[in-house]
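Student: Please take one residue of this model and go through its surroundings closely. Then add what can be said about pockets.

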Amino acid sequence: MMRSAGEQEEPDVDSVENSATVSRRGILKGVIITAGTAAGLGATWPAYAADASVRATSPDGRTVLTLSVVGGALRWSVLRGGTTVIATSPLGLRLGNGTTLGSNVTVTQNQHWTTNTTWNPVYGRNSTVTDHYQEQRWNLEDTVSGVRFSVQARAYNAGVALRYVLLGAGTATISDELTTFTFPDKTLVYSARDEADYIPLAPGSIPVTGTSGTDNGPLTDLPLTATLPSGVIACVCESSRVNFPRMMLSSVSGQPSALSAFLMEHTARGSGPVATTSTVTTPFATPWRAVVIGSTHAELVDNAELVLNLAPPNALADTSWIKPGKVFRCELTTAAGIQGVDFAVARGLQYIEYDGGWYGPVTSPARQPIPEIDLPSVISYATDRGIGVILYADRAALGDVDSLFALYKSWGVAGVKLGFVLDGTQAMTNQITGWAKTAAKYQLLIDMHDNIRPFGYERTYPNFLSMEGVRGNEQFPTATHNVTLPFARNIGGPLDYTICYGQSRNKTTNAHQMAMAAVYYQPLNFLFWYDKQTSKYANTANWPGLPWFNAVPTTWDVSRTLAGSIGQFVAVARRRGTTWYLGAMTNEAARTLSLPLSFLDSGVSYTATVYADGTPGTSPYQTPVVVSTRTVTSATTLDVAMAPAGGQAIILKPS
């Protein structure tokens with residue numbers, strides 16, 4: 001049966017597991033074979049062959065992933081435009097009994113094909129996603145233990161990915177993953193752990209972090225971005241992490257250009273049981289290890305959907321109730337909730353949220369509002385005005401999640417923001433995916449906070465709108481940090497960043513804050529984060545940026561990154577309907593970007609409403625927003641001037 005456009009192939013572990021006898025029809029099931037690419041499909045390698053290699057090549061021919069066995073050792077490498085992205089590096093898994101898969105292997109079968117489909121996400125950066133790749137699948141046998149496994153390797157125009165499949169029926173215990181990423185000399189990686197700032201350094205120089213109660217060593221979180229001396233930029237991510245620990249990367253002793261996989265044994269901040277191994281039911285596919293690649297920094301941002309292409313398809317039959325949008329956090333009283341609803345209506349927001357404390361101490365059961373909040377009245381008032389209510393719940397306050405989410409559904413709650421989600425172990429991965437499934441059962445949106453990292457699961461359960469896992473704007477980071485994120489953390493998936501407009505603690509201009517709403521991909525966007533009194537904006541003349549926030553969406557039909565350099569500047573244009581929203585941001589250096597508007601429809605005039613930095617103030621936050629309009633076409637090149645730590649936000653609407 002051929003797969004129709006819109007469907008995603010998941011690992012056909014049955015066909016892989018029975019690879020010695022699989023029929024051609026079985027191999028083809030669920031994939032579309034492009035003419036000329038199936039030569040060698042199902043070819044069997046002689047069991048005595050010690051050395052072999054195969055290549056997966058991207059449809060545009062620019063990217064090549066090579067799998068090789070040399071002297072029984074399993075290796076991989078990646079080229080982009082003929083230059084090295086990943087030099088020849090080890091692959092493999094270590095089992096709980098000490099068996100190392102990848103050091104002594106023979107190839108028993110090779111399968112390869114090209115798949116080309118499109119699918120439509122419930123929401124996203126683009127309304128249509130192309131899933132076009134060449135896959136090589138090697139079936140292998142460990143010559144010492146006789147254990148059979150396979151490696152799937154894919155090459156896309158956007159990058160490469162690989163994962164392991166343990167074959168046979170039964171169980172297996174995994175203690176370590178040996179996937180290594182050896183970069184060219186003089187590569188810089190942007191390392192950050194937990195919610196720290198990014199540090200550009202050599203792969204072998206990751207600082208030792210952690211405590212006796214956490215994973216300790218020269219470790220860095222994913223997504224991990226690397227700038228190569230060739231000018232290529234790459235971002236290591238994971239996708240389809242199910243029933244498996246989160247992966248970090250570690251410096252490798254004696255190998256200054258290498259990083260190796262590290263499967264977390266603790267939760268991210270050391271709370272919860274330690275797990276040095278993970279037991280799985282086989283056949284079992286590990287998460288995809290994806291390397292999103294850009295020949296330019298701007299191209300990297302536009303290639304981020306590779307992570308989604310690798311994730312399992314949407315598991316929900318009905319997604320009509322899933323509504324991305326903008327959120328305002330209210331103070332913890334009934335009156336503040338009512339005022340918040342009115343503010344949301346006036347400002348074009350879709351949700352209000354009661355954060356930590358609405359049910360009392362954050363670790364107490366999250367089942368009863370404090371006396372200061374008449375929650376039924378607020379929910380009723382909000383529902384009558386088309387505004388949803390989101391409730392915070394600390395991880396320690398959940399109790400029985402099924403009954404809690406059923407209770408919230410009965411109240412008319414729209415979604416849940418889970419706090420202190422400490423990602424890391426296999427058990428925590430299962431808890432996170434379980435929360436998303438249970439929330440979907442009761443038609444609740446979900447946003448997970450604290451130390452969690454993306455793995456494409458917003459495709460599988462699209463009610464899982466967002467997560468934190470970032471040094472967010474609530475910590476008032478630098479402009480350099482803000483213009484690093486589009487090329488790092490945001491490549492992996494949505495990020496809850498809490499935009500702060502008009503905040504005296506910001507280290508950036510207001511126009512810089514405004515631009516975030518277009519630059520960052522964030523389907524559930526918390527705005528005006530520290531603004532607890534909505535009367536602040538009563539005199540709209542004092543806040544010329546408000547119309548931008550009124551209008552800007554959170555999900556898109558088309559996205560285009562126009563310019564960028566990690567840690568320096570970025571400019572992104574996104575279209576919803578016929579209107580484009582353009583955001584540009586710079587680091588602490590003032591700069592002007594010349595941005596061609598060739599992405600606009602030819603022959604159509606657009607009115608550009610430009611929200612720009614005025615004369616720089618004593619501090620960046622004191623720089624005023626200056627509004628102007630002009631007529632532009634696809635032939636126009638805009639000169640986008642930005643103050644230090646500044647930006648621009650531009651609405652381009654057909655005249």
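Tutor: Strands are DSSP runs of E with at least two residues, and helices are runs of H or I with at least four, both numbered from the N terminus. The model is predicted, so local features need pLDDT of at least 70 and side-chain atom pairs pLDDT 80 or more, while totals for chains, interfaces and linings use all residues. Numbering starts from 1 along each chain as its sequence is written, and side-chain values use heavy atoms, without hydrogens and water.

Serine 191 sits in strand S12, which covers residues 188–191. Serine 191 has a relative accessible area of 4% and is therefore buried (under 20%, with a 1.4 Å probe and protein chains only). Its side chain makes a polar contact with the side chain of threonine 220 at 3.1 Å (a pair of N or O atoms within 3.5 Å, one able to donate a hydrogen and the other to accept it; residues adjacent in sequence count only if both atoms are side-chain atoms). Leaving out residues up to four places away in sequence, serine 191 touches Asp197, Tyr198, Ile199, Leu201, Ile206, Thr220 and Leu224 (heavy atoms within 4.5 Å).

As for pockets, the largest one holds about 390 Å³ of space. Its lining has 18 residues, and Thr130, Ala158, Asp302, Asn303 and Glu305 lie nearest its centre (a pocket is an open set of points on a 1 Å grid over the protein atoms alone where a 1.4 Å probe fits, with protein on both sides within 12 Å along at least five of seven lines; lining residues have an atom within 4 Å of a point). Points are joined across faces, edges and corners, and the volume is the space filled by probe spheres set on them. Strand S8 (129–142) gives the most to this lining, three residues.

Methods
Buried < 20%, exposed > 50% of the residue type's maximum accessible area, 1.4 Å probe, protein only.
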